[in-house]
Amino acid sequence: MLTGRQKGSVLGIVGGMGPRASAEFLSTIYEYCLGARGQVAPRIFLDSDPTFPDRTEALLAHADEDLIGQLMRALERLRGFGVSHIVICCITIHYLLPRIPVELRQHVVSLLDVIFRAVAHSRKRHLLFCTKGTRQLELFQSHRQWQQTRDFFVLPDTRDQESIHDLIYEIKRGCDVRPMISFLEELLGRYQVNSLIIGCTETHILAKQFATAQRRINAFSCIDPLVIIARALAQESL
């Protein structure tokens, strides 16, 4: 995941899509990485730019030139600060990664790769929680590991996918996520699974609240690529 990252190296985050998600990811990293000595925690540059066009709208309309240009400029800025690895805090925009020059792309930690590794390791079924843009672009289905792991992905039906998409946009608008936990529990029960894949970084905020609530009953689990990365960084900071 972060192979080759040395102690003292710098992590970059392309954020702002939306701002709450990337800010929460930064908070999560330090929740995991701050120990007895704060000085050993990772050095991080967060480029939070909320002016990115809506990824679902732009990509489904095939109007992505401005989007890819803005993404490349963000990656170049972070590289200018000397970062060695970059996390793009939006999964839908990963659709554009193959079109990014390799000298920039090689520094990106693919959230899709992180998810697929976790799914393959778990060997059980998970409900995919993502935007309708990610679903319609078949972003997960296009991944090189899809055929080997497809049986572990549970895809919501059309109506539930619309509800999930609407919920994600409520989070973007700053709504309180705590009332959404019951919807997650209902959804998992409907699809007869006990695990969720965070396929949209916006729901990292919801996933943390969900995990806190589930500690009391220990019934469900969650694959959240941002938490997985934070844990990996914590191990490297030891």
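**Reading the model: why each label fits**

Modeller: Let's start with an open sheet of four strands, in the order E5-E4-E6-E7 and with parallel pairing. Its edge strands are strand E5 (153–154) and strand E7 (221–223). The model is predicted, so local features need pLDDT of at least 70 and side-chain atom pairs pLDDT 80 or more, while totals for chains, interfaces and linings use all residues. Residues are numbered from 1 along each chain as its sequence is written, and side-chain values use heavy atoms, with hydrogens and water left out.

Colleague: What makes E5 and E7 edge strands?

Modeller: Each of them pairs on one side only. A strand is a DSSP run of E with at least two residues, a helix is a run of H or I with at least four, and both are numbered from the N terminus.

Colleague: How do you know that E4 and E5 pair?

Modeller: Two strands pair if DSSP finds at least two bridges between them. Strand E4 (residues 126–129) and E5 are joined by two bridges, so they meet that rule, and they run parallel. In general, strands of a sheet pair through backbone hydrogen bonds, either parallel or antiparallel. One bridge here links His126 with Phe153 in E5.

Colleague: Which helix packs on the sheet?

Modeller: That is helix H9 (residues 181–190), which touches E4 and strand E6 (195–198). The direction of H9 makes about 130° with that of E4. For such angles, axes are lines fitted to C-alpha atoms, for helices over the stretch in contact, and the angle between N-to-C directions runs from 0 to 180 degrees.

Colleague: Why is His126 called buried?

Modeller: Buried means under 20% relative accessible area, exposed means over 50%, and partly exposed lies in between (1.4 Å probe, protein chains only). His126, in strand E4, has 1% relative accessibility, so it counts as buried. Its neighbours include Val119, Phe152, Ser195 and Ile223, leaving out residues up to four places away in sequence; contact means heavy atoms within 4.5 Å.

Colleague: What makes the link between His126 and Lys124 a polar contact?

Modeller: A polar contact is a pair of N or O atoms within 3.5 Å; within protein, one must be able to donate a hydrogen and the other to accept it, and residues adjacent in sequence count only if both atoms are side-chain atoms. The side chain of His126 reaches the backbone oxygen of Lys124 at 3.0 Å. His204 gives another example: its side chain makes a polar contact with the side chain of Asp224 at 2.6 Å.

Colleague: Where does His204 lie, and why is His204 called buried?

Modeller: His204 lies in helix H10 (residues 204–214). With 0% relative accessibility, His204 counts as buried. Among the residues that His204 touches are Ala21, Phe25 and Thr28.

Colleague: How do you know that the span of H1 agrees with the expected value?

Modeller: The expected span of a helix is 1.5 Å times one less than its number of residues. H1 has 15 residues and should span 21 Å; its end C-alpha atoms are 21 Å apart, so the two agree.

Colleague: Which residues of H1 are buried?

Modeller: They are Ala21, Ser22, Phe25, Thr28, Ile29 and Cys33. These residues cover an arc of only 115° around the axis, which puts them on the same side of H1. The arc is that of the directions from the helix axis to the C-beta atoms. Pro19 also lies in H1 (residues 19–33).

Colleague: Why is Pro19 called partly exposed?

Modeller: Pro19 has a relative accessible area of 40%, so it falls in the middle class. Pro19 is in contact with Ser48 and Pro50, leaving aside neighbours within four places in sequence.

Colleague: What makes strand E1 mostly covered?

Modeller: Six of the six residues of E1 (residues 10–15) are buried. In a regular strand the side chains alternate between the two faces of the sheet. In E1, Val10, Gly12 and Val14 are buried on one side, and Leu11, Ile13 and Gly15 on the other.

Colleague: Which strands pair with E1?

Modeller: E1 pairs in the parallel sense with strand E2 (residues 43–48) over six bridges, and with strand E3 (residues 85–88) over four bridges, also parallel. Gly12 stands opposite Phe45 in E2, and its bridge partner in E3 is Ile86.
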